[in-house]
Amino acid sequence: MSLRTVHRLATAAAVLALAGVAFVAWSSVDPSPLAVVVAMTVGQSVGTASLILLVAAIVIDLKRAGVLSPMRPRRTSNDGPHPRSSNVRG
Amino acid sequence: MRVAALILSAIAAATLIGYLVARPALSPAVRLWLLAAVGVFPLGAAITGNVAGFHVSKRRSFCAGCHVMEAYTVDAGDPRSTSLAAVHSRNRFFGDESCYTCHRDYRLFGTVTTKVGGLRHAWAYYVGGWTEPLRLYRPYANDQCTYCHSTSLPGFAEEPEHVVVEDELARGTTSCAADGCHGPPHPRARRGAR
């Protein structure tokens, strides 16, 4: 997953959030049955999809940065040979 | 709440449009900007908008938004009308929300089932269609009257009519709002009453 994917997901999330916010604003300005029902169904769904995309972008971004990778102890040349590389035979 | 929803929507829209126009590189500051623009502000707008929507959808003026309801809501708001709906609509505690107060479901999760019923109404109005005279989906439950009008007060049992139909009222086979009792609740209900 590249930075480009994160950008695309963030942009898609922003577009969907904008649409969801537009529905909320419409129902606030004109609280008619159609506006309120659409805001509370379509608007909510679009907003939820936007949040899911944002979370996906954050997870991918954190994985890219190595924050979500499993922690491994760093080995240096002073640690000696790796146990598996020894020639000891049982 | 409506004002709060509008303000949060405006802030969210401004920050979102700003991001979409500028398309900046993902620096730590831009990441925070995105979190606020896509996460915090729209979520705030959605929560306040939902609360405002729930409150608005309880008002009689909201029900009157569908023209098929106008005959009922005009009568309910008529100060000279003596119909059951009009009398209840003059109550200063819930008069503006009389449709919701008298027709909501008072059982457990009643708020949810009432809202789902409202969605069904909206679907019928905008998509599915309806036939007149309008009918309730199911007979009007006496529980909706007795939620406020207690049947355990002494005055209730002192009415001979109540004593005669006591069991039927409890079973729901006789309605409080039936013709000859306290109904019909709406003038138009005379033509198509159950």
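In chain B of this predicted model, ring pairs join Tyr125(B), Tyr126(B) and Trp130(B) into a cluster, and I would like to start there. Within that cluster, Tyr125(B) and Tyr126(B) make an edge-to-face aromatic pair, with 4.9 Å from centre to centre and 85 degrees between the planes. Tyr126(B) counts as partly exposed, because its relative accessibility is 37%.

Over all chains, the count of aromatic pairs comes to four. Another of these is formed by Tyr19(B) and Trp33(B), whose ring centres are 6.2 Å apart and whose planes stand at 90 degrees, so this pair, too, is edge-to-face. What does that pair tie together? Tyr19(B) belongs to helix H1 of chain B, residues 2-22, whereas Trp33(B) belongs to helix H2 of chain B, residues 28-56, so the two rings tie together parts that are 14 residues apart in sequence. As for their surroundings, Tyr19(B) is buried, because its relative accessibility is 1% and the cut-off for buried is under 20%, while Trp33(B), with a relative accessible area of 29%, is partly exposed.

There is also a charge placed over a ring, since the model puts Arg120(B) over the face of Tyr137(B), at 3.6 Å from the ring centre.

Let me turn now to the interface between the two chains. The size of an interface is often given as the accessible area lost when the parts come together. Here, the area buried between chain B and chain A is about 2,600 Å², and carbon and sulfur atoms give 77% of that area. To this contact chain B brings 34 residues and chain A brings 30 residues.

Which side chains meet in the salt bridge? They are those of Arg31(B) and Asp61(A), at 2.3 Å from N to O, and the count of salt bridges between chain B and chain A is one. For polar contacts across the interface of chain B and chain A, the rule finds four residue pairs, with both residues at pLDDT 80 or more. On the side of chain B that touches chain A, the elements giving two or more residues are H1, H2 and helix H7, residues 110-128, of chain B. The largest share of that side, 14 residues, comes from H2(B).

A word on chain A itself, which has two helices and zero strands. It has 90 residues, of which 29% count as buried, and if we take the contacts in chain A between residues at least 6 apart in sequence, 60% of them join residues at least 24 apart.

Finally, I would like to point out two loop positions in chain B. Ser81(B) sits in the loop between helix H4, residues 70-76, and helix H5, residues 84-89, of chain B. Is Ser81(B) buried or exposed? With a relative accessibility of 10%, Ser81(B) counts as buried, and, if we leave aside its neighbours within four places in sequence, Ser81(B) is in contact with Asp75(B), Ala86(B) and Arg90(B).

The other position is Gly172(B), in the loop between helix H11, residues 166-171, and helix H12, residues 189-192, of chain B. Gly172(B) has a relative accessible area of 47% and is therefore partly exposed. From C-alpha to C-alpha, Gly172(B) and Gln144(B) are 11 Å apart in space, while in sequence they are 28 residues apart.

Definitions and conventions. Residues numbered from 1 in each chain as written. Chains lettered and ligands numbered in written order. Predicted model: local features only at pLDDT ≥ 70, side-chain atom pairs only at ≥ 80, totals over all residues. Heavy atoms only, no water. Phe/Tyr/Trp six-rings, centres within 6.5 Å; stacked < 30°, edge-to-face > 60°. Helix = DSSP H or I, 4+ residues; strand = E, 2+ residues; numbered from the N terminus. Buried < 20%, exposed > 50% of the residue type's maximum accessible area, 1.4 Å probe, protein only. Lys NZ or Arg CZ within 6 Å of the ring centre and 35° of its normal. Contact = heavy atoms within 4.5 Å. Buried area = accessible area lost by both parts, 1.4 Å probe. Salt bridge = Lys/Arg side-chain N within 4 Å of Asp/Glu carboxyl O. Polar contact = N/O pair within 3.5 Å; in protein donor to acceptor, adjacent residues only side chain to side chain.
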